[in-house]
Amino acid sequence: MVKPKFIADVNVEKPIIDYLLLKGFDVKWIPDYQCEMLDRDLLKLANKENRILITNDKDFGELI
């Protein structure tokens with residue numbers, strides 16, 4: 001079984017990231033990379049890397 005890969009926006013709390021990592025999931029947390037990434041660029045990165053986007057940002061509904 002292939003485990004899903006995730007990418008988490010800056011507004012996702014660190015304990016959630018830590019939990020997913022503890023469970024063995026592949027997670028990229030944007031604060032570890034580039035905190036100033038634009039929403040559209042984050043969405044492009046998620047699509048490029050086949051990752052599920054985790055966010056609390058309601059603006060993504062307009063981009064999708």
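Visitor: A salt bridge is a side-chain nitrogen of Lys or Arg within 4 Å of a carboxyl oxygen of Asp or Glu. With that settled, which residues are linked in a network of salt bridges?

Guide: Asp26, Lys28, Glu49 and Arg51. Keep in mind that this is a predicted model.

Visitor: Noted. How many salt bridges does the structure hold?

Guide: Four.

Visitor: Start with Arg51. What does Arg51 form a salt bridge with?

Guide: With Asp26; the closest N and O atoms are 3.0 Å apart. This pair ties together distant parts of the chain, 25 residues apart. Asp26 sits in strand β2, and Arg51 in the loop between α2 (39-48) and β3 (52-54).

Visitor: Is Arg51 buried or exposed?

Guide: Buried, because its relative accessible area is 12% and the cut-off for buried is under 20%. Asp26, at 35%, counts as partly exposed.

Visitor: What else is Arg51 in contact with, leaving aside neighbours within four places in sequence?

Guide: Besides Asp26, the contacts of Arg51 are Lys5, Phe6, Ile7, Val27, Lys28 and Ala46. Of these, Phe6 and Val27 are also bridge partners of each other, with Val27 in β2.

Visitor: And Glu49? Which side chain does the side chain of Glu49 meet in a salt bridge?

Guide: Lys28, at 2.8 Å, N to O. Here too distant parts of the chain are linked: Glu49 is in the loop between α2 and β3, Lys28 is in strand β2, and they are 21 residues apart. Both residues are buried.

Visitor: Charged side chains pairing up, then. What is the general idea?

Guide: Side chains of opposite charge can pair when their charged atoms come close.

Visitor: Now Asn50. What is odd about its phi?

Guide: Asn50 has a positive phi, about 55°, although it is not a glycine. Asn50 lies in the loop between α2 and β3.

Visitor: Is Asn50 buried or exposed?

Guide: Exposed, with a relative accessible area of 63%. Its loop neighbour Arg51 is buried, at 12%.

Visitor: Change of topic. What meets the side chain of Asp18 in a salt bridge?

Guide: Lys14 does, at 2.8 Å, N to O. The two are four residues apart in helix α1, so about one helical turn separates them.

Visitor: How accessible are Asp18 and Lys14?

Guide: Asp18 is partly exposed at 37% relative accessibility. Lys14 is partly exposed as well, at 36%.

Visitor: Let's zoom out. What pattern does the chain follow along the sequence?

Guide: β-α-β-α-β-α. That is three helices and three strands.

Visitor: How do β1 and β2 run, and how many bridges join them?

Guide: Parallel, with four bridges between β1 (residues 5-8) and β2 (residues 26-29).

Visitor: What unit do β1, α1 and β2 make?

Guide: A right-handed β-α-β unit, with α1 spanning residues 14-22.

Visitor: What about overall size? What is the radius of gyration?

Guide: The radius of gyration is 11 Å, which agrees with the value near 11 Å for a compact globule of 64 residues. Along the principal axes, the C-alpha atoms fill a box of roughly 30 × 25 × 20 Å.

Visitor: What share of the residues counts as buried?

Guide: 28% of the 64 residues.

Visitor: Last one. Among contacts between residues at least 6 apart, what share joins residues at least 24 apart?

Guide: 43%. Arg51 and Asp26 are one pair at long sequence range, being 25 residues apart.

Key:
Residues numbered from 1 in each chain as written. Predicted model: local features only at pLDDT ≥ 70, side-chain atom pairs only at ≥ 80, totals over all residues. Heavy atoms only, no water. Pairing = 2+ DSSP bridges. Right-handed = clockwise from strand over helix to strand, strands pointing away. Buried < 20%, exposed > 50% of the residue type's maximum accessible area, 1.4 Å probe, protein only. Contact = heavy atoms within 4.5 Å. Rg over C-alpha atoms; globule rule 2.2 N^0.38 Å.
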